[in-house]
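Thank you all for making time this morning. I would like to walk through one structure with you, going from the whole chain down to single residues.

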Amino acid sequence: MALTMHNKEFANKQIMDSSKYVRYTPEQVEALERVYSECPKPSSLRRQQLIRECPILSNIEPKQIKVWFQNRRCREKQRKEASRLQTVNRKLSAMNKLLMEENDRLQKQVSHLVYENGYMRQQLHSAPATTTDNSCESVVMSGQHQQQQNPTPQHPQRDASNPAGLLAVAEETLAEFLSKATGTAVDWVQMIGMKPGPDSIGIVAVSRNCSGVAARACGLVSLDPTKIAEILKDCPSWFRDCRCLDVLSVIPTGNGGTIELIYMQTYAPTTLAAARDFWLLRYSTSLEDGSLVVCERSLTSSTGGPTGPPPSSFVRAEMLASGFLIRPCEGGGSIIHIVDHVDLDAWSVPEVLRPLYESSKILAQKMTMAAMRHIRQIAQETSGEIQYGGGRQPAVLRTFSQRLSRGFNDAINGFLDDGWSLLSSDGGEDVTIAINSSPNKFLGSQYNWSMLPAFGGVLCAKASMLLQNVPPALLVRFLREHRSEWADYGVDAYSAACLKASPYAVPCARPGGFPSSHVILPLAHTVEHEEFLEVVRLEGHAFSPEDVALARDMYLLQLCSGIDENTVGACAQLVFAPIDESFADDAPLLASGFRVIPLDSKAAMQDGPAASRTLDLASALEVGSGGARPAGGTELSNYNSRSVLTIAFQFTFENHMRDNVAAMARQYVRSVVGSVQRVAMAISPSRLGPHAGPKVLPGSPEALTLARWISRSYRIHTGGELLRADSLTGDALLKQLWHHSDAIMCCSLKTNASPVFTFANQAGLDMLETTLVALQDIMLDKILDEAGRKILCTEFAKIMQQGFAYLPGGMCVSSMGRAVSYEQAVAWKVLDDDDSNHCLAFMFMNWSFV
């Protein structure tokens, strides 16, 4: 009896002290941990249910269980934070070591330069001033003397056709590579904008005053050396210009390394030049400190060795000592040094294209930094730091990007061994038509060739053109965001129909065109957001009852890269291919698109426009006769560069329709070229100089006059002032209208057609998510919702009679499909100098994206 009373008192005391600390038994902790693994933050009902279902927790109140889960989440957060800090500490320690080594290398380089400077001073002072001779003979003799002081290393005569001779070449390659990676064999200059840090791509440098072009990068990656070496050896997986890499022979060496004889082919970046190939020796070995080294160089007549495959339609390029050094870090991860050094035989291409082959910055972007980015991407995917939606594995998404890029490169190059052949021209040489009748070109394994006996093959229409003063990133970003500026909906429908058994009829040109809308759905992106993989939905429209195929939505898989204007030497690219709704992992991809490569590799590429510049001509308003200079410090008119644009579009065709498809493709590419030229002229910074003034919109009065009409009409109709100082005229009036905080836009007044926007200030362009160039493709009834359209129809008579009307707040939609809310709107007639109706103006107040 006494024992029972004691137990009851103990239980009551435990309940009374429920707010104090409770010691849980191992069984209770195990039960709570099971629930925590399923739901770290259970609701009140879930906690009560837990008490009912677990008898061992019956003596614990719900409040105590709530506290336990709070503490458990706090401990989990602290554990993750401690782990993160340990990782950051390891990265910082490794980066500190890397920077100290780089500092030592730079000090050696400085010492070397100081020695050379002193030697040159001594030579100048010791030489008598009276013997100065600028004749050709004197210059030649001086050059010979300097060459004797710094002789070029000559390879000794040897027989490199046997393993011993190849090993000697390999050891020399290793020594040269290490002197470039960690020494001063090359005069390295750090690339602009490359800031080293634990989460950056690393330290990137390019060569200066050396034979060929070279680039170097060193950084940290959280992968072990063996895995990194395996990834980097698979060159086609990260080097998008690599067409194939064939290992023809593998020779083991006595020191545990291997020598490989490799034949590699690379794509030409444009239709105006030939592709390159390499005959290489690759040497893989380990150093005494446990580092892994993979170095390679070309086998030439000077090095000796076996003769490689004949170059055929390729130009044989030379790779000088290159490769990668991988050193393990304490606590995990690796430090990587990558060196790429090539001679691409720039003299074999037209002079205007030589900067493509003489720029170390372009080499750094395409090879060196691409390798570093690829390794970092895989490292973050392996650690789970990157999560992609849509249920796709990262490897599958990378494969999509590689297939799109490879398909576009195949279309541009049109290799004979792939089955491509040229079609006869129509007399013009601006567009090249090539066909490929190989069934394996397009049809995947899931298609039965016998089911499509009429399939004739794939046709590619391609062209290249030079652009002046057009930033590649700006142009590609515009083409991506404003597809209606250049694309034809009927051609898109024909391309999409190639995924079906019976392709759609060849489209004909439609008078006036048709502004289709598109929605970009993000799918994946790389770590530094330099490349985007996305799905584009093209909303279907039917022109007539027989155009049923056009009424369905269409989808494109799209790859966009190089749209950061601050990136030096980057190629900007937009590649896309039609897909169906199923979007299978092995879906056939027929890639088309644009590629813009900067040609000027020196000052113009270093002093590009600021990344904050928008895709319209708004910055012209900042540099009027009395305006201030742009924030970038350098006037946009000083931006002077050239780039080469390559366009390629691929279509399938049936045998009996080949000529019709060829004519359609040729006409379409010419139309796209014309559209791109018009867009390029509109966004060219050279048009925004100090004396250029605002751009004149087609079919509208001068911008200054329009601003005066808008302000004057608002005052006449409403009795209020739209702008603060009505006494302002000219540039000041336009500038104040342009920077007005509310969205102001003008629409055409046509009784037989839907109103189309003709002007918008900066806030209006931001609200519509468009530009001045693409503004005229947007119709008023497309951005208003159903309620807004009804109100406008009701108030339209009032607007035309009394000149204005206040509209209640509501919702509208931007050109990119985003919902926009506004508190109130004002609509008024804009009168010209003759008091005739010119257009309809709207002002949306306090708008914001929902």
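Let me begin with a definition: a disulfide here is a pair of cysteine sulfur atoms within 2.5 Å. With that cut-off, a search of the whole structure finds 0 disulfides. Before going further, please keep in mind that this is a predicted model, in which local features need pLDDT of at least 70 and side-chain atom pairs count only at pLDDT 80 or more, while totals for chains, interfaces and linings use all residues. Residues are numbered from 1 along each chain as its sequence is written, and side-chain values use heavy atoms, with hydrogens and water left out.

For the chain as a whole, the secondary structure comes to 19 helices and 26 strands, where helices (H or I, at least four residues) and strands (E, at least two) are DSSP runs numbered from the N terminus. Of the 850 residues in the protein chain, 48% are buried; by buried I mean under 20% relative accessible area, by exposed over 50%, and by partly exposed anything in between, with a 1.4 Å probe and protein chains only. The protein chain exposes about 41300 Å², and carbon and sulfur atoms supply 53% of that area, as computed by the Shrake-Rupley method with a 1.4 Å probe, where for residues only the protein chains shown count as cover. If we take contact to mean heavy atoms within 4.5 Å, then among contacts between residues at least 6 apart in sequence, 66% join residues at least 24 apart.

Let me turn to helix α9, residues 360-383. The expected span of a helix is 1.5 Å times one less than its number of residues, so the 24 residues of α9 should span 34 Å, and the 33 Å between its end C-alpha atoms agrees with that. There is nevertheless a bend of about 40° at Met369 in α9, the bend being the angle between axes fitted to the seven residues ending there and the seven starting there. At the N-terminal end of α9, Ser359 acts as a cap, with a side-chain oxygen 3.3 Å from the backbone nitrogen of Lys361, and just after α9 comes Gly384, which takes a positive phi of about 80°. How much of α9 is buried? The count is 21 of its 24 residues, so the helix is largely enclosed by the rest of the structure. Helix α11, residues 472-481, is also largely enclosed, because 9 of its 10 residues are buried, among them Arg477 and Arg480.

Now to backbone angles. Most residues other than glycine have a negative phi. Asp345, in the loop between β11 (334-343) and α8 (354-358), has a positive phi near 55°, and at a relative accessible area of 30% this residue is partly exposed. Asp835, in the loop between β24 (819-831) and β25 (837-845), likewise has a positive phi, of about 60°, and is partly exposed at 47%.

A third loop residue, Ser291, sits between β6 (276-286) and β7 (292-298) and counts as buried, at 1% relative accessibility. Its side chain makes a polar contact of 3.0 Å with the side chain of Asp289; a polar contact is a pair of N or O atoms within 3.5 Å, of which, within protein, one must be able to donate a hydrogen and the other to accept it, and residues adjacent in sequence count only if both atoms are side-chain atoms. Leaving out residues up to four places away in sequence, Ser291 touches several others, including Leu325, Arg327 and Pro328.

Which residues does Gly457 contact beyond its neighbours within four places in sequence? They are Asn436, Ser437, Phe651, Thr652 and Phe653. Gly457 belongs to strand β14, residues 455-468, and is buried at 0%; its C-alpha lies 5.8 Å from that of Thr652, although 195 residues separate the two in sequence.

Finally, a few other positions. Cys244, in strand β4 (residues 242-252), touches Tyr263, Met264 and Gln265, not counting residues up to four places away. Cys560 is buried at 0% relative accessibility, whereas Cys571 is partly exposed at 24%. Asp492, in helix α12 (residues 489-497), is buried with a relative accessible area of 9%, and its contacts beyond four places in sequence are Arg483, Ala487, Leu538 and Met554.
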